[in-house]
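Here are my notes for you, written as numbered points. Keep the structure open beside them and look for each residue as you read.

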Amino acid sequence: MVKNRTNPLLPILTVFIILNVFFLTGKGLLERYGFNQAFLLVGNLILFLVTILSYYISVSSFKSSNPNVFVRSIYKTTMLKLFVIAIAAVIYIFTFRENLNKPSLITSMALYIVYTVIEVSVLTRILKGKKNA
């Protein structure tokens with residue numbers, strides 16, 4: 001039986017790179033439709049880092065034979081993501097109250113969903129490959 005040796009983080013990294021390339025090269029297009037390039041780049045970076053941290057916390061819980069450890073890790077990562085993103089949004093809203101860029105803020109919320117879906121699919125694939133999952 002041949003094992004799949006690809007890095008499970010590859011889909012998350014691929015999305016991060018594709019989005020950054022688009023945000024960096026499409027500045028004119030983004031500005032034409034009212035998006036803030038810097039906000040999208042920073043938001044994408046924050047979402048990427050939180051997703052990677054969440055992934056590692058979840059994967060480390062797979063090593064335990066106690067199923068409660070996995071459930072607690074899911075709660076922990078959900079709360080971590082919620083608080084980090086909420087704090088970042090509050091800082092942005094209070095800092096740029098007058099020049100709030102709603103299209104970029106809404107796009108970042110959509111990116112949160114994209115990163116979460118990819119993370120869940122990667123974790124599900126890993127769990128399907130485990131014998132005692």
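**Notes on two helices and a pocket**

1. Let's start with a pair of helices. H1 and H3 pack with their axes 10 Å apart, at an angle of about 175°. An angle over 145 degrees counts as roughly antiparallel, so H1 is roughly antiparallel to H3. Do keep in mind throughout that this is a predicted model.

2. Who does the touching? On the H1 side, the contact is made by Ile 12, Leu 13, Phe 16, Leu 19, Asn 20, Phe 23 and Leu 24. On the H3 side, look for Gln 37, Leu 40, Leu 41, Asn 44, Leu 45, Phe 48, Thr 51 and Ile 52. Sort the residues of this contact by class and you get eleven nonpolar, four polar and no charged.

3. Now pick out Phe 16, which sits in helix H1. Is Phe 16 buried or exposed? Its relative accessibility is 13%, and buried means under 20%, so Phe 16 counts as buried. Leaving out residues up to four places away in sequence, Phe 16 touches Asn 44, Leu 45, Phe 48 and Tyr 115. The first three of those names, Asn 44, Leu 45 and Phe 48, are also on the H3 side of the helix contact.

4. Here's a distance you can check on screen. Phe 16 and Ala 38 are 22 residues apart along the chain, and their C-alpha atoms are separated by 15 Å.

5. Asn 20 is also worth a look, and you'll find it in helix H1, which covers residues 10-25. Asn 20 has a relative accessible area of 15%, so it is buried too. Which residues does Asn 20 contact, leaving aside its neighbours within four places in sequence? They are Leu 41 and Asn 44. Asn 44 is thus a name to remember, as Phe 16 touches it and so does Asn 20.

6. Next, some empty space. The second largest pocket holds about 390 Å³. It is lined by 16 residues, and the closest to its centre are Phe 39, Ala 88, Ala 89, Leu 105 and Ser 108.

7. Where does that lining come from? Helix H3 (37-61), helix H4 (67-95) and helix H5 (102-129) are the elements that give two or more residues to the second largest pocket. H3 gives the most, with six residues. So H3 turns up twice in these notes: it packs with H1, and it contributes to this lining.

8. Last point: what classes of residue line the second largest pocket? The lining has 13 nonpolar, three polar and no charged residues.

Notes:
Residues are numbered from 1 along each chain as its sequence is written. This is a predicted model: local features need pLDDT of at least 70, side-chain atom pairs count only at pLDDT 80 or more; totals for chains, interfaces and linings use all residues. Side-chain values use heavy atoms; hydrogens and water are left out. On a 1 Å grid over the protein atoms alone, a cavity is a set of points where a 1.4 Å probe fits but cannot get out, and a pocket is an open set with protein on both sides within 12 Å along at least five of seven lines; lining residues have an atom within 4 Å of a point. Grid points are joined across faces, edges and corners, and a volume is the space filled by probe spheres set on the points. Helices (H or I, at least four residues) and strands (E, at least two) are DSSP runs, numbered from the N terminus. Ala, Val, Leu, Ile, Met, Phe, Trp, Tyr, Cys and Pro count as nonpolar, Asp, Glu, Lys and Arg as charged, and the others, Gly among them, as polar. Buried means under 20% relative accessible area, exposed over 50%, partly exposed in between (1.4 Å probe, protein chains only). Contact means heavy atoms within 4.5 Å. Axes are lines fitted to C-alpha atoms, for helices over the stretch in contact, and angles run from 0 to 180 degrees between N-to-C directions. Angles under 35 degrees count as roughly parallel, over 145 as roughly antiparallel, 65 to 115 as roughly perpendicular and the rest as oblique.
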